[in-house]
Amino acid sequence: MTIRHLYSGRRALIIGVTGQDGGLLASQLLDKGYEVHALVRRTPAHPESRLKAGAGEVDPRVVLHRGDLADLASLVRTVNRAEPGEIYNFGGCGGSAESFDEPEHALETDGLGVLRLLEAIRICGRVATTRYLQVSGPAPFGRPDDAPQSETTAFKPDSPHAVAKACGHWLTRIYRQTYGLHACTVIMFGHESPTGPANGVLRGITLGLAKVVSGEAVAFDVGELLDYRYDVGCAAEYVEAAWLLMQQARAADCVLATGELHSGRELIVRAAEEMGMRLRWEEAGDAVLGVLTEAFGAAAGMEVGRVVVRARAAELPASVQPLQGDGTRAFELLGWQPGKGIDELVRELVAADLARQLALRR
C-alpha cells in the first residue's frame, strides 16, 4: 500500500526505541527514508557507538536525545530540537505484575509521562504540525465482560500498570478533542519477534526450550501458563500497522490483533516439535510434566523419558474472558490484517533462539 504524506516532513521521534516495537519501527522508518530521532535516558559516549538494549542495538543512524518521560523540560527540549512530524510513544515501565511493586513509578511513566509528552507538543506550538501515537497493550481491558475486545469495549483495569495505560489512552483522546491534535491510540494485543523480551509468552517458551536443547537447562518451568489462552501475532506487522494508522487523514483509535487464541500447552508443543522434541503430558500431584517421547533434529541425542517441561495446574474460572482482540476496524480503516500465522511465527522464534543458545554453548 502506497501512502501519500498529507503534511510536510518525514521526521519522526520515537519514545521507547530500545524496546522491541520502538526498535522495529526505527528500522522500518529508516527504510522508508525518514530522519529518525529517539528519546533515551543515557546518550552513548561516542556518537558512532550503538546504544545497547535488551532488544538489541539502536541503529547508529538514529539521532539520540537525552531525556525522560518524568522530566517535562527534557521533553520540550527534545521536541524543539527534533521538530518531528510524527511522535510514537512506545514507552512503558513494565507489565502488570511488576507494577504492584512500584505502582507510583507505573503511574508516573505511563500516565503522567503521556501528559508531559502531550504538553510538550502543545508548549512547543506543534499541535498543527505534529502527529502523535499512543501505544498500549490490552492491559486496560483487565478482566473484560465480553470477548473479543474492540475499540468500544469498556476498560476494567486491574493493576497499577493497567490504570496508567488507560490514563495515557484517555489523555491522548482528550488532547485530540480539546486541542485538535492529530492524536491516535493503538491497542496492540500480544505480538512477538526474535528481538522481543524474554518474558513474552511465546518468546519465553522458545527461549526456555532452546536452553534445554542446548544443555544450559535441565528442564523448562512454565508456571501456570499451560491452560491460559493467548492472542499473539508478528510484532513487525503490528508496528507497520501503527505507522499506517498515523498516515490517515483523520486521527483514529485501533485495536491490532489476530483474533485467534492459542493455549500455552499448544504453543509449547508447536515449539518443541520445531526443535525436534515430541512430548506427552503427565500429571504428578499439582504438577504437570512434559515428558520427552521422541528426539530428532536439533534435539537428537536427548534422553527419551526425561522431563523437559514442568508446570503447575491452574483452575481457570469459567467467567473469566480471555484477552482476545477484534481487529475489524484495522481492516476496515487500514486494509490491514495479520499475514504471518502462528506456525510461521513459532518457526521464526525457534530458529533465532536455538541458534543463539547453541552458539553461546560452543
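Where in the chain is the place of P148? In this predicted model, P148 sits in the loop between β7, which covers residues 131-136, and α5, which covers residues 160-179. The peptide bond that joins A147 to P148 is cis, with an omega of about 0 degrees, and a reader who follows the backbone through this loop can look for that bond directly before the proline ring.

A second backbone feature can be found in another loop, the one between α2 (72-82) and β6 (86-89), where E83 is located. Although E83 is not a glycine, its phi is positive, at about 45 degrees. With a relative accessibility of 43%, E83 falls between the 20% limit for buried residues and the 50% limit for exposed ones, and E83 therefore counts as partly exposed.

From these two loops one can step back to the whole chain. The secondary structure of the protein chain amounts to ten helices and 17 strands. The chain is as compact as a globular protein of its length, because its radius of gyration of 21 Å is close to the 21 Å that the globule rule gives for 362 residues. Measuring along the principal axes, the C-alpha trace spans about 65 × 50 × 40 Å. Of the 362 residues, 50% count as buried, while the area that the protein chain exposes comes to about 16,500 Å², of which carbon and sulfur atoms supply 49%. When contacts between residues at least 6 apart in sequence are considered, 74% of them join residues that are at least 24 apart. The charged side chains comprise 38 positive and 46 negative ones, and the centres of these two sets lie 6 Å apart.

Three residues, taken in turn, show how particular elements are placed among their surroundings. The residue D253 belongs to strand β13, which runs over residues 253-256. Its relative accessibility is 9%, and because this is under 20%, D253 counts as buried. The side chain of D253 makes a polar contact of 2.7 Å with the side chain of T185, and another polar contact, of 3.5 Å, joins the side chains of D253 and R173. Apart from neighbours within four places in sequence, the residues in contact with D253 are E151, R173, R176, C184, T185 and R329, so that both polar partners appear again in this list because contact means heavy atoms within 4.5 Å.

The residue I342 is part of helix α10, which takes in residues 342-361. At 10% relative accessibility I342 counts as buried, and, when residues up to four places away in sequence are left out, I342 touches L202, V232, H262, L267 and R270. The C-alpha atom of I342 is separated by 9.6 Å from that of T258, although the two residues are 84 residues apart along the chain.

The residue K211, finally, has its place in helix α6, which extends over residues 201-214. Is K211 buried or partly exposed? Its relative accessibility of 29% is the reason why K211 counts as partly exposed. Leaving aside neighbours within four places in sequence, K211 is in contact with E216, A217 and Q357. Between K211 and D221, which are ten residues apart in sequence, the C-alpha to C-alpha distance is 11 Å.

Terms used:
Residues are numbered from 1 along each chain as its sequence is written. This is a predicted model: local features need pLDDT of at least 70, side-chain atom pairs count only at pLDDT 80 or more; totals for chains, interfaces and linings use all residues. Side-chain values use heavy atoms; hydrogens and water are left out. Helices (H or I, at least four residues) and strands (E, at least two) are DSSP runs, numbered from the N terminus. The radius of gyration is taken over C-alpha atoms; the globule rule is 2.2 Å times the number of residues to the power 0.38. Buried means under 20% relative accessible area, exposed over 50%, partly exposed in between (1.4 Å probe, protein chains only). Accessible areas come from the Shrake-Rupley method with a 1.4 Å probe; for residues, only the protein chains shown count as cover. Lys and Arg count as positive and Asp and Glu as negative; His and the chain ends are not counted. The place of a charge is taken as NZ of Lys, CZ of Arg, CG of Asp or CD of Glu. A polar contact is a pair of N or O atoms within 3.5 Å; within protein, one must be able to donate a hydrogen and the other to accept it, and residues adjacent in sequence count only if both atoms are side-chain atoms.
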